[in-house]
Amino acid sequence: MSVRQDTIFKQFLAPLVENILIDREALKQFQQSINWEKETTRITNPRLTYPDYYQSQDFHGIKGGYLNPEAAVYYDSITQYVLPPSEPIVRQGLIERIRVKPRKILDLGCGTGSTTLLLKQAFPSAEVIGVDLSPYLLVVAEVKAKKAELDIKFKQANAETTGFDEASFDLVSASFLFHETPPEIAQTIVKESFRLLRVGGEMIVLDANQHTLRQTEWLTEIFEEPYTKAYAAASVDAWMTKAEFAKVQTDQWWWVHQISQGIKPILNNTSTSVNSQTQVSYNNPTFDHSAGLPAPA
């Protein structure tokens, strides 16, 4: 399914962002400062095959999706205007909701690394790895991490089958990934996250609010992302529960977003040493579950 050309985003928002709100000259200079062929060749995983759903769709109104340098250069400039009330506040909500004290973190679908950098800043002693399918987005993520003087590893990998060892992470995160994947793919990613976590480890997901999308269908029409409607009809809670996560919960975040999380429990038939378990802290971090709710009519 291709992206419609008559969406509100294509007709009104994209021209506003691209022609008024974005410093096109600065972005052009940034794009020209990178040897894309050299950098993407360095970071590309030769064993990776792009999933059909990923390479056959346009995302965020970008022709060809994320497999081009323009998508990587413009991504942050556009995203800052489409995550109300502001991108830093929205992403910080995920950070503040984390219940574990991770030593090793994996950020799935990390894109240009905006959440990945926040994770490293919040847990400076932890090893942080960001993975994404787009080598172009990963190149920009590396530039941002270097500028912020943060030691983060970025790797091209498919979130469905990352290639990392079982029970090797304490925290697996995903920000705005699932609304861009078919539901069956999202469920596979949740199962992979469960496999990757140590006992007591946590998966945390920041994405569009499924309840809000179902109640306000016009929101799914603004951008006409190829999988948003299917995502809205599904349930991250159900996916996580089916994958055997415990303490699963989803909290509304600024009305149009939600944060879902679950803990990998000790299973009756699992023998796990203390050293392979993650320290979990249930300190009820400060988090306003109703933040951003509109006043009742």
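How much area does the protein chain expose, and what share of it do carbon and sulfur atoms supply? The exposed area is about 14,200 Å², and carbon and sulfur atoms supply 51% of it. The model is predicted.

## Overall make-up

The protein chain has 297 residues, and 54% of them count as buried. Its secondary structure comes to 13 helices and 7 strands. Take the contacts with a sequence separation of 6 or more. Residues 24 or more positions apart account for 75% of these.

## The sheet

The 7 strands form an open sheet. Its order is S3-S2-S1-S4-S5-S7-S6, and the pairing is mixed. Strand S3 (153-156) and strand S6 (246-253) stand at the edges. Each has a single partner strand, so one side of each is left without a neighbour in the sheet. On average, neighbouring strands are turned by 15° against each other, direction ignored.

Four of the strand pairings are set out here, each with one pair of bridge partners.

| Strand pair | Sense and bridges | Bridge partners |
|---|---|---|
| S1 (104-108) and S4 | parallel, 4 bridges | Leu 106 and Val 172 |
| S4 and S5 | parallel, 6 bridges | Leu 171 and Glu 202 |
| S5 and S7 | antiparallel, 7 bridges | Glu 202 and Ile 263 |
| S6 and S7 (257-263) | antiparallel, 6 bridges | Asp 251 and Ile 259 |

Glu 202 of S5 appears in two rows. It is the bridge partner of Leu 171, and it also stands opposite Ile 263 in S7.

How does the chain get from S4 to S5? It crosses through helix H9 (residues 183-196). This β-α-β crossover is right-handed.

Both of these strands are well covered. In S4, 7 of its 7 residues are buried. In S5, 12 of the 12 residues are buried, so S5 is largely enclosed by the rest of the structure.

## Helix H6 across the sheet

Helix H6 (residues 87-97) lies across strand S4 (169-175), strand S5 (197-208), S6 and S7. H6 runs at about 160° to S5. Which residues of H6 are buried? They are Glu 87, Val 90, Arg 91, Gly 93, Leu 94, Ile 95 and Arg 97. Their cover includes H5, helix H7 (114-122), S4, S5, S6 and S7.

## Nonpolar cores

The largest nonpolar core has 54 residues. Leu 106, Leu 108 and Phe 178 touch the most other members. Another core lies apart from it, with 28 residues. Among them are Ile 95, Val 100, Leu 150 and Ile 152. Ile 95 is also one of the buried residues of H6.

What does Leu 106 touch, beyond residues up to four places away in sequence? The list is Ile 129, Val 131, Thr 162, Phe 164, Phe 169, Leu 171, Val 172, Ser 173 and Leu 196. Val 172 is also the residue of S4 that Leu 106 stands opposite.

Leu 196 belongs to helix H9. Is Leu 196 buried or exposed? Leu 196 is buried, with a relative accessible area of 0%. The cut-off for buried is under 20%. Leaving aside neighbours within four places in sequence, Leu 196 is in contact with Leu 106, Thr 162, Phe 164, Asp 165, Glu 166, Ala 167, Ser 168, Phe 169 and Val 172. Gly 163 is 33 residues from Leu 196 in sequence. Their C-alpha atoms are 9.5 Å apart in space.

## A buried loop residue

Where does Phe 59 lie? Phe 59 sits in the loop between helix H4 (52-55) and helix H5 (69-79). Phe 59 is buried, at a relative accessible area of 1%.

Which residues does Phe 59 touch, not counting those up to four places away in sequence? Tyr 53, Tyr 54, Gly 65, Tyr 66, Glu 180, Glu 225, Pro 226 and Tyr 227 make up the set. Glu 225 is 166 residues from Phe 59 along the chain. The C-alpha atoms of the two are separated by 6.2 Å.

Technical notes:
Residues are numbered from 1 along each chain as its sequence is written. This is a predicted model: local features need pLDDT of at least 70, side-chain atom pairs count only at pLDDT 80 or more; totals for chains, interfaces and linings use all residues. Side-chain values use heavy atoms; hydrogens and water are left out. Two strands pair if DSSP finds at least two bridges between them. Axes are lines fitted to C-alpha atoms, for helices over the stretch in contact, and angles run from 0 to 180 degrees between N-to-C directions. Contact means heavy atoms within 4.5 Å. Buried means under 20% relative accessible area, exposed over 50%, partly exposed in between (1.4 Å probe, protein chains only). A crossover is right-handed if, with the strands pointing away from the viewer, the path from the first strand over the helix to the second runs clockwise. A nonpolar core is a set of buried Ala, Val, Leu, Ile, Met, Phe, Trp, Tyr and Cys residues joined through side-chain atoms within 4.5 Å. Accessible areas come from the Shrake-Rupley method with a 1.4 Å probe; for residues, only the protein chains shown count as cover.
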